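Trainee: I should like to learn how a structure of this kind is read, one feature at a time. May we begin with a single residue and work outwards?

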Amino acid sequence: MGLKNCPDCGKLMVETPRGICPECYANEEQAELKVVEFLRNVPKSSLEEIHEATGVATKIIMRMIREKRIHSDIQVFYPCEACQTPIYEGRVCTKCSTGLLKQASFIQQNKEHHRTMAPEPKMNYIKDNRRK
């Protein structure tokens, strides 16, 4: 373990698995308790609604969602990373996911097409002009 600066407050700290200093971690835990309490009362909320009601940074709320610290009976709506459509699970909406899969399939087909169209390697010979 090495030393580094906390990305949240900038203090020098010993590296931890969480990636932030103990003080910021304690603050984050308090913020998470506020979010959980709010979601008990309003189980279907948007990211903005939670932020406005609790004052907790959207970064912390998104981290809770990614780490699955919000229970399955609660739906938090947040923007798709590609088109900003409200979603409640994953990183992209169904429409964007389908588009990404089509793009990946197209790229894979092009790679295979180019592989089959590539000419066979030919053996080159060097002519030996030396007299014996």
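Mentor: Let us begin with Glu28, which counts as buried because its relative accessibility is 3%, and the cut-off for buried is under 20%. Please keep in mind throughout that this is a predicted model.

Trainee: Where is Glu28 found, and which residues does Glu28 touch?

Mentor: Glu28 belongs to helix 1. Setting aside residues up to four places away in sequence, Glu28 touches Asp8, Arg18, Ile20, Ile60 and Arg63. One of these partners, Ile60, is 32 residues from Glu28 in sequence, yet their C-alpha atoms are 7.2 Å apart in space.

Trainee: How many helices and strands does the chain have, and in what pattern do they follow one another?

Mentor: The chain has 4 helices and 5 strands. Along the sequence they follow the pattern β-β-α-β-α-α-β-β-α. Of the 132 residues, 23% count as buried. Among contacts between residues at least 6 apart in sequence, 28% join residues at least 24 apart.

Trainee: How should I read the packing of two helices, and at what angle do helix 1 and helix 3 pack?

Mentor: One reads the angle between the axes, and then the residues that meet. Helix 1 and helix 3 pack at about 75°, and their axes are 10 Å apart. Helix 1 is therefore roughly perpendicular to helix 3, since angles of 65 to 115 degrees are classed in that way.

Trainee: Which residues of helix 1 and helix 3 meet?

Mentor: Helix 1 contributes Glu28, Ala31, Glu32, Val35 and Val36, which meet Ile60, Ile61, Arg63 and Met64 of helix 3. By class, this contact has 6 nonpolar, no polar and 3 charged residues. Glu28, with which we began, is thus part of this contact.

Trainee: At what angle do the axes of helix 2 and helix 3 cross?

Mentor: Their axes come within 10 Å and cross at roughly 125°. Helix 2 and helix 3 are therefore oblique to each other. The crossing is right-handed. Leu47, Glu48, Ile50 and His51 of helix 2 make the contact with Thr58, Ile61 and Met62 of helix 3. Sorted by class, the residues of this contact are 4 nonpolar, 2 polar and 1 charged.

Trainee: Helix 3 has now appeared twice. Which residues of helix 3 are buried, and against which elements do they pack?

Mentor: The buried residues of helix 3 are Ile60, Ile61, Met62, Arg63, Met64 and Ile65. They pack against helix 1, helix 2 and strand 4. Just after helix 3, Lys68 takes a positive phi of about 55°.

Trainee: How is a nonpolar core read, and how many residues does the largest one have?

Mentor: One asks how many residues it has, which have the most contacts, and which elements supply them. The largest nonpolar core has 20 residues, and those with the most contacts inside it are Val35, Leu39, Ile50, Ile61, Ile65, Ile70 and Val76. Helix 1 (22-41), helix 2 (47-54), helix 3 (58-66) and strand 4 (75-79) each give two or more residues to this core. Helix 3 gives the most, with 5 residues. A second, separate core of 5 residues includes Cys6, Met13, Cys21 and Cys24.

Trainee: Which residues are in contact with Val35?

Mentor: Leaving aside neighbours within four places in sequence, Val35 is in contact with Ile50, Thr54, Val56, Ile61 and Met64.

Trainee: Let us turn to the loops. Is Ile74 buried or exposed?

Mentor: Ile74 lies in the loop between helix 3 and strand 4. With a relative accessible area of 17%, Ile74 is buried. Beyond its neighbours within four places in sequence, Ile74 is in contact with Leu39 and Pro43. Ile74 and Pro43 are 31 residues apart in sequence, while their C-alpha atoms are 4.8 Å apart in space.

Trainee: Is Gln84 buried or exposed?

Mentor: Gln84 is exposed, with a relative accessible area of 51%; the cut-off for exposed is over 50%. The place of Gln84 is in the loop between strand 4 and strand 5 (86-87). Its phi is near 70°, a positive value in a residue other than glycine.

How values were computed: Residues are numbered from 1 along each chain as its sequence is written. This is a predicted model: local features need pLDDT of at least 70, side-chain atom pairs count only at pLDDT 80 or more; totals for chains, interfaces and linings use all residues. Side-chain values use heavy atoms; hydrogens and water are left out. A nonpolar core is a set of buried Ala, Val, Leu, Ile, Met, Phe, Trp, Tyr and Cys residues joined through side-chain atoms within 4.5 Å. Buried means under 20% relative accessible area, exposed over 50%, partly exposed in between (1.4 Å probe, protein chains only). Contact means heavy atoms within 4.5 Å. Axes are lines fitted to C-alpha atoms, for helices over the stretch in contact, and angles run from 0 to 180 degrees between N-to-C directions. Angles under 35 degrees count as roughly parallel, over 145 as roughly antiparallel, 65 to 115 as roughly perpendicular and the rest as oblique. A crossing is left-handed if the near helix is turned anticlockwise from the far one by less than a right angle, and right-handed if clockwise. Ala, Val, Leu, Ile, Met, Phe, Trp, Tyr, Cys and Pro count as nonpolar, Asp, Glu, Lys and Arg as charged, and the others, Gly among them, as polar.
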